[in-house]
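Trainee: Could you take me through one part of this structure closely, starting from a single side chain and working outwards to what surrounds it?

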Amino acid sequence: MTKNHPNLRKTVSTADLYSDPSPPPIRASLSRNFTTVQRARPNPFMTSRHGQQPAPSSRHSIAVPSHSLLDTDNDYFETRPALLKSPTPPPVPPKLKLPPVQAIPPRAERVRVDPAKYTKPFLDYISTNPTVFHAVDTVAKDLEAHGYTKLLERDSWKLKKGGKYYVERNGSSLIAFAVGAGYAPGNGAAIIAGHIDALTAKLKPIPALRTKAGYVQLGVAPYAGALNSTWWDRDLGIGGRVLVKQGGKIVSKLVKLDWPIARIPTLAPHFGAASAGPFNKETQMVPIIGLDNSDISGATEENWKPALLGGEGAFTSTQPERLVKAISSELGIKDYSTIVNWELELFDIQPAQLGGLEKEFIFAGRIDDKVCSWAAIQALLNSTDSDDSSGQIKIVGLFDDEEIGSQLRQGARSNFLPTIIERVVDSFANSGVTSLVSRTYANSFIVSSDVTHAVNPNFLNVYLENHAPRLNLGLAIAADSNGHMTTDSVSTAILQKCADKVGAKLQVFQIRNDSRSGGTVGPMLSSMTGIRAIDAGIPQLSMHSIRATIGSLDPGLGVLAFQGFLDHFETVDAEFAL
């Protein structure tokens, strides 16, 4: 069960807050200021395993790091009298010089990851990379700065042991991998897989619309669950990739118009039922991007026609004139006809920010699932920056299109990850590649790293009491009895052992039986390859909102846990015959 912070100590149990209807009364002791609830065993995800003693029949649970956790037994004074008094107590406290006891060093001294150091870098990353194309491009540059070499799927590969590489697909998906210096074909891979796309609204192929009542509007289509109520009255920018003819080649350029260009205005409540919805996303959630009152002069049928920028038949002739000019100016393009096509989307321009009285929150857009993707890449960089004598492959896969089913070539259901692994094996194998790939899959493990639900204090009744993750505590393992998640007992034990190696705390989430579970890339990748897998991600509030909330330490805690997996899976897996 998730534990309560010492500042929130109470004298009665809050178990009833997580139940609807109320459960039978829980037998509790009120002899102390801490909640005491009878439990057969502690939650294995929330209990530190370092030097763990046999679980007492009753425990006090306080949300503090394991080295300061207070756990006492109700029968402590009756069952352990030898601990209370010495056989020959002295009349006065003795003044003895006791040998120094080796203290357990703080977490930051025991591991290489200090979670607080990752807060600002993540804020910068999420603020400056509003689209999936920007996010992947920045990750690629970060990888190259740490010695990773870009590979093209259309080329032949010459890989070497100890080498570090990455591959992009469509500019919106990326797989980075490092081959251990001790790698042999058939050895396993430690894989972290997540998605880097986010809910958004994409411009339609021909987004120019007829001006209405003096407003210039933009035709957009929702991607996944976007254009929901959280998108009303937000300051929206436009960004994405633009295909440009340059030097006889078609190249991709990234563009970001990060000032408030578009807005979807609400209808004031004074208009009664019309303002209450439900609303039509095609006709009532159309963003406004400018004003054009030329219809007042009588040109009512002419004001909406395209200006044919770039010449008749050019791509830009079908697009809103002002938008073409704004993007061309941003990219320094003089000849509109050189713009071959583009993929643009809307995004909330408000930057990611620290919040809360002590800045313990991060408020940001596009957290799902750029936070786990970013943390996984940082963990990979940390794990492979030094000489890597591992006998395995370390892989991080960031996929597009997860929010819409992962069906496209850059999605997790595609052949992207399997073909990368097959080509790595093929580069080092002399023969029998097919069987070696099968062995590789059998020896590998996937951490499916998508965000999961943090407990919301205003809706405790929709959570299970022992499955309600909190912010700033660590990754939450996501379980689901109907196969929407890959978590099982074996994968949980493996990840827990990896987490223990670096002092990372794991929480657990499972949705109530009367609610609907979401999905991740884990089941599709695991079923396609047969690789063992687990679902574990950073908890967040306001999932699928245009602005969400995580803890300010959560990006760094993600790096800690993911690096623990990449660094220690090889040795941990050697203990398992499963």
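**Around F565**

Mentor: In this predicted model, F565 is in contact, once its neighbours within four places in sequence are left aside, with A190, I191, I192, F445, V447, L495 and C498. F565 also belongs to the largest nonpolar core, a set of 62 residues, where L143 and F565 are the residues with the most contacts inside that core. Helix α6, which covers residues 367–384, gives the most to this core, contributing ten residues. A second core, separate from that one, has 33 residues, among them I395, A412, Y441 and L525. As a general background to such groupings, nonpolar side chains in soluble globular proteins tend to be buried together.

From the cores we can turn to helix α4 and the sheet beside it. Helix α4, made of residues 132–145, lies across β10, β11 and β13, and runs at about 120° to β11. These three strands are part of an open sheet of six strands, whose order is β11-β10-β13-β8-β9-β12 and whose pairing is antiparallel. At the edges are β11 (249–262) and β12 (288–291), each of which pairs on one side only, and from one strand to the next the twist averages 30°. Within the sheet, strand β10 (residues 236–246) is paired with strand β13 (residues 339–348) over nine bridges in the antiparallel sense; to follow that pairing at a single position, look at L236, whose bridge partner in β13 is D348.

Methods: Residues numbered from 1 in each chain as written. Predicted model: local features only at pLDDT ≥ 70, side-chain atom pairs only at ≥ 80, totals over all residues. Heavy atoms only, no water. Core = buried A, V, L, I, M, F, W, Y, C linked by side-chain atoms within 4.5 Å. Buried < 20%, exposed > 50% of the residue type's maximum accessible area, 1.4 Å probe, protein only. Helix = DSSP H or I, 4+ residues; strand = E, 2+ residues; numbered from the N terminus. Contact = heavy atoms within 4.5 Å. Pairing = 2+ DSSP bridges. Axes fitted to C-alpha atoms, helices over the stretch in contact; angles between N-to-C directions.
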